[in-house]
Amino acid sequence: MENADVFLGLHDFLERMRRPTASDFVKSIKSFIVSFSNNTPDPERDSALVQEFFTKMEGSFRAHPLWSGCSEEELESAGEGLEKYVMTKLFSRVFASFADDVKRDEQLSEKMALIQQFIRPENLDIKPNFQNETSWLLAQKELLKINMYKAPRDKLVCLLSCCKVISNLLLNASIASNENPPGADEFLPVLIYVIIKANPPQLHSNLLYIQRYRGQSRLTGEAAYFFTNILSAESFISNIDANALSMEETEFGKNMESARALLSGLSSDVQALSNKSNLDEGVGRYSEPVETSSQASNAGADPAVRPNFTVAKPRTEASHAKDQSTVMEVPSLSDLENKGAAILLNDHTGGRQAFRDYPYLFAQAGDLTFSDVEELLSQYKQLVFKYVSLSKGLNLTTASLSNSEMHSQPHHESLKEFEDVGDVTSNDESAGEPHRIIDGSDGTSLFGEENDETR
């Protein structure tokens, strides 16, 4: 189903629910949400209840006059609208609501944060002609959108978009090198690498959420294939060891320890900067000359009998810096930028790698073509992340941050009633066309009009 059809179908579903003849449906839906919310959480039972409710309601839609004469696509849209509405209402109740799931999220995220510091494509036996880390950033970007949405379908689309980008990049690479089309043996290692580098928050909970609450009749075909690959990638990452990365045990152990030291050092630097900021405020507050009331009353007294007050003197910049250096060692700007970039961009590389990732650095305006726009946009976003990372680390206010936040922050779906048509579609509108990905070669959409699981 195309993006426009899904968007219009959702509006159509909400409009039908506002009609008087839909009152029984509205009561049933609201009654289910209330009763479900009051139940004691149980993953298996919760999933079964939701799936059973969706099946029952979609069967009722088919037999109701509201959908009399409607096409299969319109009925499908009604089912999608029902799923989006119900799961948005129940999201806080069912998503990452179990301690075991939260723990798995933390363990997986911590492991990826360590491994991403030293893993290279060669560690996963990715062929050189299939290595394209700059373009893989597009796949990472799609994956990192997953927590902007609440509906199972919307989250699934983020995963499918990531897989589509990888699949098309591999296909293009195979054509360029006159090789056979890539299969699962080529696709899965790249997917694993992209996931590790992206390190999306709450990945385990997101996958469980889709498994439990995405309509089972819709998790088929290509969507099921790619989703199964992502589950395999998660399992691989959870159990990753030296052998999985084609490393010696000692080398793997040293790399893990170095990564821990790096991340621990970054955490310490952030704390040091916070302490320095607080100390600077305190110094500024108490280093000003102050004339007390006693001083004022003794202003005319003889110096011999005047109380001997010691008044703080304004400190010079040199003396202030000297005193500060005795308190703590402040990391350099270069260190902060390098470490911040390692976390936000998940790309711990050397100087030559950085120049390779920015092929347009020395280009002239006349050298650029229309097909370069997508890659330039991706690189611009990388620079913004680096800049914001450094600015936040120094507690500085970033210019134009409000504008970037308006485009990057998730727009939450807060469905009050069926009458609030604008709320249920807020994610779709704010996201624009989040899955119309350009491969950077010919300016054409990779899959915008073909994906049955797009928003």
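**Figure 1. Surroundings of Gln51 in helix H3 of the predicted model.** Gln51 is buried, with a relative accessible area of 14%, in a model that is predicted. This residue belongs to helix H3, which covers residues 43-63. A polar atom of the Gln51 side chain lies 3.0 Å from the backbone oxygen of Arg212. When neighbours within four places in sequence are left aside, Gln51 is in contact with Arg212, Tyr213, Arg214, Gly215 and Gln216, and Arg212 therefore appears again in the next view, where its side chain is joined by a polar contact to that of Asp101.

**Figure 2. Asp101 and its polar contact with Arg212.** Asp101 is part of helix H5, made up of residues 99-115. The relative accessibility of Asp101 is 9%, so this residue counts as buried, the cut-off for that class being under 20%. The side chains of Asp101 and Arg212 are joined by a polar contact of 3.5 Å. With residues up to four places away in sequence not counted, Asp101 touches His204, Ser205 and Leu208 as well as Arg212.

**Figure 3. Packing of helix H6 against helix H8.** Helix H6, residues 133-143, and helix H8, residues 184-198, pack at an angle of about 70°, and their axes are 9 Å apart. The two helices, H6 and H8, are therefore roughly perpendicular to each other, because angles of 65 to 115 degrees count as such. The crossing of H6 and H8 is right-handed. On the side of H6, the contact is made by Glu133, Trp136, Ala139, Gln140 and Leu143, while H8 contributes Val190, Tyr193, Val194, Ile195, Lys197 and Ala198. Sorted by type, the residues of this contact between H6 and H8 comprise eight nonpolar, one polar and two charged.

**Figure 4. Ser174 in helix H7 and its contacts.** Ser174 lies in helix H7, which covers residues 152-176, and its relative accessibility of 2% means that Ser174 counts as buried. The side chain of Ser174 reaches the backbone oxygen of Leu171 at 2.7 Å. Apart from its neighbours within four places in sequence, Ser174 is in contact with Phe130, Glu179, Asn180, Pro181 and Pro182. Of these partners, Phe130 is 44 residues away from Ser174 along the chain, and the C-alpha atoms of Ser174 and Phe130 are separated by 7.6 Å.

**Figure 5. Two loop residues with positive phi, Asp125 and Asn178.** Most residues other than glycine have a negative phi. Asp125, although not a glycine, has a positive phi of about 60°; this residue is found in the loop between H5 and H6, and its relative accessibility of 60% is why Asp125 counts as exposed. Asn178, likewise not a glycine, has a positive phi of about 55°. The loop that holds Asn178 runs between H7 and H8, and Asn178 is exposed, with a relative accessible area of 73%.

**Figure 6. The protein chain as a whole, as context for the close-up views.** The protein chain contains 19 helices and zero strands. Of its 455 residues, 43% are buried. Among the contacts in the protein chain with a separation of 6 or more, 77% are accounted for by residues 24 or more positions apart.

How values were computed: Residues numbered from 1 in each chain as written. Predicted model: local features only at pLDDT ≥ 70, side-chain atom pairs only at ≥ 80, totals over all residues. Heavy atoms only, no water. Axes fitted to C-alpha atoms, helices over the stretch in contact; angles between N-to-C directions. Helix = DSSP H or I, 4+ residues; strand = E, 2+ residues; numbered from the N terminus. Parallel < 35°, antiparallel > 145°, perpendicular 65-115°, else oblique. Left-handed = near helix turned anticlockwise from the far one by under 90°. Contact = heavy atoms within 4.5 Å. Nonpolar A, V, L, I, M, F, W, Y, C, P; charged D, E, K, R; others polar. Buried < 20%, exposed > 50% of the residue type's maximum accessible area, 1.4 Å probe, protein only. Polar contact = N/O pair within 3.5 Å; in protein donor to acceptor, adjacent residues only side chain to side chain.
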